[in-house]
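Welcome, and please open the model in your viewer. We will go from one selection to the next, with a short look at each stop.

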Amino acid sequence: MAEQLRPVARPRLYEVIVEQLCAHIAEHGMTPGDRLPAERELAAQLGVSRASLSQALVALEVQGVVSVRHGDGAVLVRQPIEERAVKALREHADRLPEVIEAREALEVKLAGLAAERRTDAEMAAIDSALATMESEIAAGDRGVVGDEQFHEAITVAAHSSLLAKLMHEISGLIRETRIESLSQAERPRASLEGHRRIATAIRDQDSAGASRAMADHIRMVSDVALLREGS
């Protein structure tokens, strides 16, 4: 019996744009340190919207191919190989739901424990991370450093060596979701507000409130364009 034919999967738009970006980098002989054209110019050259282009650039940033810097645009970090870039992008999209599940399982518990166990010095570290993220956002950045410091400070304040080890094991994957989330319009400010609610509950030593606030925060930041387009 002849093998049943299967529908051909249509490439997602961001995959097509990633392929175009890889081709652009190769065709122009770009090397690490070179800056890509401004987003408006690059979108016009590729014939795509700036929103779609931005999503593709974030996908390459997650892979370490480019670095998107405030005021500098996208700078090439390493030369991509088109087939590998698209494959890595698909793998990233496929594992996002599992990373989100892991964050919910670990970080909700860590927030509750931090509210119970934090010291004054650890509370100060949480507040310092909030201030860092606020300064980054005010300067036009996404707040990635402050975001990372905030969640790390909560992990330390929870005083659970095993949970901290598990967080360390998936820290690279969490950084991927962090970049993906904070690159979306209005998300940095919304994320900061979520952090403030978590910090307030931890300061008040409200374990249940801290867990609820963290659960709400993880759900909000997990709404990313890559999953919406892939659904």
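Begin by selecting Gln20, a residue of helix 1. The model in front of you is a predicted one. Is Gln20 buried or exposed, or something in between? Its relative accessibility is 29%, so Gln20 counts as partly exposed. Leaving aside residues up to four places away in sequence, Gln20 touches Leu46 and Val48. Add Leu46 to the selection: 26 residues separate it from Gln20 in sequence, while the two C-alpha atoms lie 7.3 Å apart in space.

**Helix 1 and helix 2**

Now widen the view to residues 13-27, which form helix 1, and residues 39-46, which form helix 2. Their axes come within 11 Å and cross at roughly 100°. Because angles of 65 to 115 degrees count as roughly perpendicular, helix 1 is roughly perpendicular to helix 2. To see where they meet, show Ile17, Gln20, Leu21 and His24 on helix 1, then Leu42, Gln45 and Leu46 on helix 2. Colored by class, this contact has 4 nonpolar and 3 polar residues, and no charged ones.

**Stepping back**

Zoom out to the whole protein for a moment. How many helices and strands does the protein have? There are 11 helices and 2 strands. Following the chain from its start, you will pass α-α-α-β-β-α-α-α-α-α-α-α-α. Of the 231 residues, 46% are buried. Among contacts with a separation of 6 or more, 75% join residues 24 or more positions apart.

**Helix 5 and helix 9**

Next, select residues 120-138, helix 5, together with residues 187-203, helix 9. The axes of helix 5 and helix 9 come within 10 Å and cross at roughly 165°, which makes the two helices roughly antiparallel. Their crossing is left-handed. On helix 5, the residues in this contact include Met123, Ile126, Leu130 and Ile137. On helix 9, look for partners including Pro188, Leu192, Ala199 and Arg203. By class, the contact of helix 5 with helix 9 has 9 nonpolar, 2 polar and 5 charged residues.

**Helix 6 and helix 9**

Keep helix 9 on screen and bring in helix 6, residues 144-157. Here the axes come within 11 Å and cross at roughly 20°, so helix 6 is roughly parallel to helix 9. This crossing, too, is left-handed. Which residues meet here? From helix 6 come Asp147, Phe150, His151 and Ile154, and from helix 9 come Ser191, His195, Ile198, Ala199 and Ile202. Sorted by class, there are 5 nonpolar, 3 polar and 1 charged residues in the contact of helix 6 with helix 9.

**Helix 8**

For the last stop, select residues 171-182, helix 8. Try a distance between its end C-alpha atoms: they are 16 Å apart. That agrees with expectation, because 12 residues at 1.5 Å a residue should span 16 Å. Buried residues in helix 8 are Ile174, Glu176, Thr177, Arg178, Ile179, Glu180, Ser181 and Leu182.

Finish by centering on Ser181, which is found in helix 8. With a relative accessible area of 3%, Ser181 is buried, because the cut-off for buried is under 20%. What does Ser181 touch, apart from residues up to four places away in sequence? Show Arg187, Val221 and Val224, and you have its contacts.

How values were computed:
Residues are numbered from 1 along each chain as its sequence is written. This is a predicted model: local features need pLDDT of at least 70, side-chain atom pairs count only at pLDDT 80 or more; totals for chains, interfaces and linings use all residues. Side-chain values use heavy atoms; hydrogens and water are left out. Helices (H or I, at least four residues) and strands (E, at least two) are DSSP runs, numbered from the N terminus. The expected span of a helix is 1.5 Å times one less than its number of residues. Buried means under 20% relative accessible area, exposed over 50%, partly exposed in between (1.4 Å probe, protein chains only). Axes are lines fitted to C-alpha atoms, for helices over the stretch in contact, and angles run from 0 to 180 degrees between N-to-C directions. Angles under 35 degrees count as roughly parallel, over 145 as roughly antiparallel, 65 to 115 as roughly perpendicular and the rest as oblique. A crossing is left-handed if the near helix is turned anticlockwise from the far one by less than a right angle, and right-handed if clockwise. Contact means heavy atoms within 4.5 Å. Ala, Val, Leu, Ile, Met, Phe, Trp, Tyr, Cys and Pro count as nonpolar, Asp, Glu, Lys and Arg as charged, and the others, Gly among them, as polar.
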